[in-house]
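Me: Could you walk me through reading this structure? I'd like to start with a helix and then look at the surface.

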Amino acid sequence: MTVVVVVAGVVGWAASARLTGTPDSLDYLVAARSWLAEGRPLDTAGRPFTQFAPGYPAALAALTWFGAELLTAARVVAAVATAVTAFAAGRWARRITGSSRAGVVAAVAAVSIWPVWTAAHAWSESLLIALAVSAGAVLSAGVARRSVPLVGAAGILVGCAAATRYAGLVFVLLALPLSVQWGGTLRQRWLAAGVFVLPVLVIGGAPVVHNLTVDRSQPLGPRAPADASTLDVLMQAVT
C-alpha cells in the first residue's frame, strides 16, 4: 500500500508537470494570490470571490504563505490529492472486502483517468475527490466501530469537500444510510447523524453565507446560463 501511495503522488506530480490553464484556473490563482495580498479572496475584476467555493484557493494560499510559488503550490496540491485518493480508496476497499488485495483498488485509483486528468489542471476537482473518498473511508470505519469521533471526522471532511466545490454539499445525504446502519435506539441514530451533519453544514455552509452577504440572489455564486439542461446531459449519456 505504501508503494502505491508513493507512486500515486509521483503520478499526480508528473501529471501536473505542465499545468493546463483555463479561465477557471485563472480565477482560482487570482483568488489565492489576493488572499495573501489583500487578506481576502478576490476575482479577476477585484470583486469578492463568489463564483466558486473557496477551499481550493485557500489551500493554494496556505502553501504559498509557507514559501511555495503559486504554480508549485498547485502541483503539490495535485500530487498530494492523488496520493490521498489512492490511500483512502485502498483503505475503504479493504474495510469493505476484508482483503489485502485492496491495494489493487488503490492502484486503479492512482492511475485512473479522472484523478490524473484533473491533476493536470489547476482545478479544485482533485482536492474534492481526495476529500470525498477520504470521507467515505472514515465514515465506513466509524460505522463499523460505532465511533462517534470518526463519524464527526467524516463530517469535517465532507464539510471541507463542500467548501471546495459546492457539489460536495450533496454528501450530507450520507446521513440517511448512516442513521440506518448505525443501529441502536432512535436517539442514538439521530445523535450519530447529527454529529456527521453539523460540521458539514458549518464548514460547507460558510461560503454560502458569505455569498449571501455579497448578493442575496446568488447563494452559490454567479453562474452562466448552461447550453443544456441536466436532463439533456443525462439523455446524452445514455443514448
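Reply: Sure. Keep in mind that this is a predicted model. Start with H7: 16 of its 21 residues are buried, so the rest of the structure largely encloses this helix. Buried here means under 20% relative accessible area.

Me: How far does H7 reach from its first C-alpha to its last?

Reply: H7 covers residues 125–145 and reaches 30 Å, close to the 30 Å expected at 1.5 Å a residue.

Me: What happens to the backbone just after H7?

Reply: Check phi there: Arg146 takes a positive value of about 55°.

Me: On to the surface. Which residues form the positive patch?

Reply: Arg91, Arg94, Arg95 and Arg145 form it. Helix H4, residues 70–97, gives the largest share, with three residues.

Me: Why might residues on a helix point the same way?

Reply: An α-helix has 3.6 residues a turn, so residues three or four places apart point the same way. As for this patch, Arg94 is one of its members and lies in H4.

Me: How accessible is Arg94?

Reply: Arg94 is partly exposed, at 43% relative accessible area.

Me: And which residues make the nonpolar surface patch?

Reply: Leu36, Trp65 and Phe66 make that one, and the patch has an area of about 410 Å². Look for Trp65 in helix H3, which runs over residues 55–65.

Me: Is Trp65 buried or exposed?

Reply: Compare its relative accessible area with the cut-off: exposed means over 50%. Trp65 has 62%, so it counts as exposed.

How values were computed:
Residues are numbered from 1 along each chain as its sequence is written. This is a predicted model: local features need pLDDT of at least 70, side-chain atom pairs count only at pLDDT 80 or more; totals for chains, interfaces and linings use all residues. Side-chain values use heavy atoms; hydrogens and water are left out. Helices (H or I, at least four residues) and strands (E, at least two) are DSSP runs, numbered from the N terminus. The expected span of a helix is 1.5 Å times one less than its number of residues. Buried means under 20% relative accessible area, exposed over 50%, partly exposed in between (1.4 Å probe, protein chains only). Patches are made of residues with over 30% relative accessible area and no salt bridge: like charges are joined within 9 Å, nonpolar side chains (Val, Leu, Ile, Met, Phe, Trp, Tyr) within 5 Å. Accessible areas come from the Shrake-Rupley method with a 1.4 Å probe; for residues, only the protein chains shown count as cover. A salt bridge is a side-chain nitrogen of Lys or Arg within 4 Å of a carboxyl oxygen of Asp or Glu. Lys and Arg count as positive and Asp and Glu as negative; His and the chain ends are not counted. The place of a charge is taken as NZ of Lys, CZ of Arg, CG of Asp or CD of Glu.
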